[in-house]
Amino acid sequence: MPEQSGPPKSCANPIIQEADLLIPLPEPLTVLLWLAAGATSLFSLFGFLSHLDWKFELFSHFRTQYALLLAACLVVFLASGELSGGLVAGLFLGVNLAQILPIYRRTHRRNTGSKSYRLFFANILGTNTHTDQLILAIRKAEADILLLVEVRQHHLQQLLPALNDYPFQFSQPDVKNFGLAIFSRLPLESAQALALDEACTPALVARLRPGKTPLTLLAIHPYPPKSRSHAAERNHQLKQTAKFVSGQPGELILAGDLNSTSWSHAFQQLVNESHLLDSRQGIGLQASWPAGNALMRVPIDHMLHTPGITIHQRRLGQRTGSDHLPVIVDFSIEES
């Protein structure tokens, strides 16, 4: 048979075109996306100016929400091929994550083998009529010590008979939102409501000695910064609290609805000047308010402590009928 002439036929597969994964957005949606990313980025920057004015501080509280929104914008920008938008969203996402992630970094924790105690702190809300929910949350927590703020007389009418297994008690109810109470299974050496000065709301100061080392419990609820004057009064109380802490013997735990988040200049000043440690370190943010809106929740209920105290566990408790979730901490004291 005669040989075939010409080049041999190719056996290669047809060239497959690369799929286009980009999803172009209509122009109105692109504009809205840029507005969302731009406004969130601007709010992120405003939050760093909380030391200049109380209104700027309002922008400092929502770092988690900013990060979530910017992460969503980043995904959509990249999916639609808007690389410049993705760069802006990614940059400010990193800015907010740099404020959030350090609290998750574990630090060295001393394990002394000392007895562990459980402390329950809650802002129970002055207008709260669901005291049965509060009692249920307390029972479930099985804490050794309870610290409560925004305590009113109608709360005590139900709490006192229900908590008779806490034999050591002190309370100072208030018709506004500055009432205080402590219920303890551990003997109290003293307990009092103390105004750090005439401009401060009352602070509950309790002293006990669960081991060889004395322990001071300090519960505060400064003014909410709803105006320039209230913000100044709150900042003043946090400064006075830092001074008070530095003069106390032994170990100390500060618990409070501080009406400020981790990213507030006022909170950072309190930590720096008091040299207290954050009980959330290595655990997480644990946002506690508002209890009924998980998406908008921010961490304003805090427990700080001196270095001689080891935090074994920290968590948020169940709903109490308040707009705050309770904070529950297991701790031990390093015996000197």
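Colleague: Where does R63 lie?
Modeller: R63 lies in helix α3, which covers residues 63-79. Bear in mind that this is a predicted model.

Colleague: Is R63 buried or exposed, and why?
Modeller: R63 counts as buried because its relative accessibility is 1%, and the cut-off for buried is under 20%.

Colleague: Which residues is R63 in contact with, leaving aside neighbours within four places in sequence?
Modeller: They are S44, G47, F48, N96, Q99, I100 and W263. With S44 there is also a polar link: a polar atom of the R63 side chain lies 2.9 Å from the backbone oxygen of S44.

Colleague: And how are R63 and V298 placed, along the chain and in space?
Modeller: R63 and V298 are 235 residues apart along the chain, while their C-alpha atoms are separated by 8.8 Å.

Colleague: OK, switching to the other arginine, R234. Which helix is R234 found in?
Modeller: Helix α7, residues 228-246.

Colleague: Buried or exposed? I mean R234.
Modeller: R234 is at 1% relative accessibility, so it counts as buried.

Colleague: What does the side chain of R234 make a polar contact with?
Modeller: With the side chain of E57, at 2.9 Å.

Colleague: And what else does R234 touch, not counting residues up to four places away in sequence?
Modeller: Besides E57, R234 touches P222, Y223, P225, L258, N259, S260, S264 and A266.

Colleague: Let's follow E57 then. Where is E57 found, and is E57 buried or exposed?
Modeller: E57 is found in helix α2, residues 54-57. At 2% relative accessibility, E57 counts as buried.

Colleague: Which other side chain does E57 make a polar contact with?
Modeller: The side chain of S264, at 2.4 Å. So that you have the full list: leaving aside neighbours within four places in sequence, E57 is in contact with S50, P225, R234, S260, S264 and A266, under a contact cut-off of 4.5 Å between heavy atoms.

Colleague: S260 is on that list. How far apart are E57 and S260?
Modeller: In sequence, E57 and S260 are 203 residues apart; in space, they are 8.8 Å apart, C-alpha to C-alpha.

Colleague: What about S264, where is that found?
Modeller: S264 is found in the loop between β8 (251-257) and α8 (265-274). S264 counts as buried because its relative accessibility is 0%. Leaving aside neighbours within four places in sequence, S264 is in contact with S50, E57, S60, H61 and R234.

Colleague: Let me zoom out. How many helices and strands does the chain have?
Modeller: Eight helices and twelve strands. The radius of gyration is 27 Å, well over the 20 Å that the globule rule gives for 336 residues, so the chain is more spread out than a compact globule.

Colleague: What box do the C-alpha atoms fill?
Modeller: Roughly 115 × 50 × 40 Å, taken along the principal axes.

Colleague: And what share of the residues counts as buried?
Modeller: 46% of the 336 residues count as buried. The chain exposes about 16900 Å², and carbon and sulfur atoms supply 60% of that area.

Colleague: What share of the contacts between residues at least 6 apart in sequence joins residues at least 24 apart?
Modeller: That comes to 67%.

Colleague: Last one, on charges. How far apart are the mean positions of the positive and negative charges?
Modeller: They are 5 Å apart, taken over 27 positive and 26 negative charges of the chain.

Technical notes. Residues are numbered from 1 along each chain as its sequence is written. This is a predicted model: local features need pLDDT of at least 70, side-chain atom pairs count only at pLDDT 80 or more; totals for chains, interfaces and linings use all residues. Side-chain values use heavy atoms; hydrogens and water are left out. Helices (H or I, at least four residues) and strands (E, at least two) are DSSP runs, numbered from the N terminus. Buried means under 20% relative accessible area, exposed over 50%, partly exposed in between (1.4 Å probe, protein chains only). A polar contact is a pair of N or O atoms within 3.5 Å; within protein, one must be able to donate a hydrogen and the other to accept it, and residues adjacent in sequence count only if both atoms are side-chain atoms. The radius of gyration is taken over C-alpha atoms; the globule rule is 2.2 Å times the number of residues to the power 0.38. Accessible areas come from the Shrake-Rupley method with a 1.4 Å probe; for residues, only the protein chains shown count as cover. Lys and Arg count as positive and Asp and Glu as negative; His and the chain ends are not counted. The place of a charge is taken as NZ of Lys, CZ of Arg, CG of Asp or CD of Glu.
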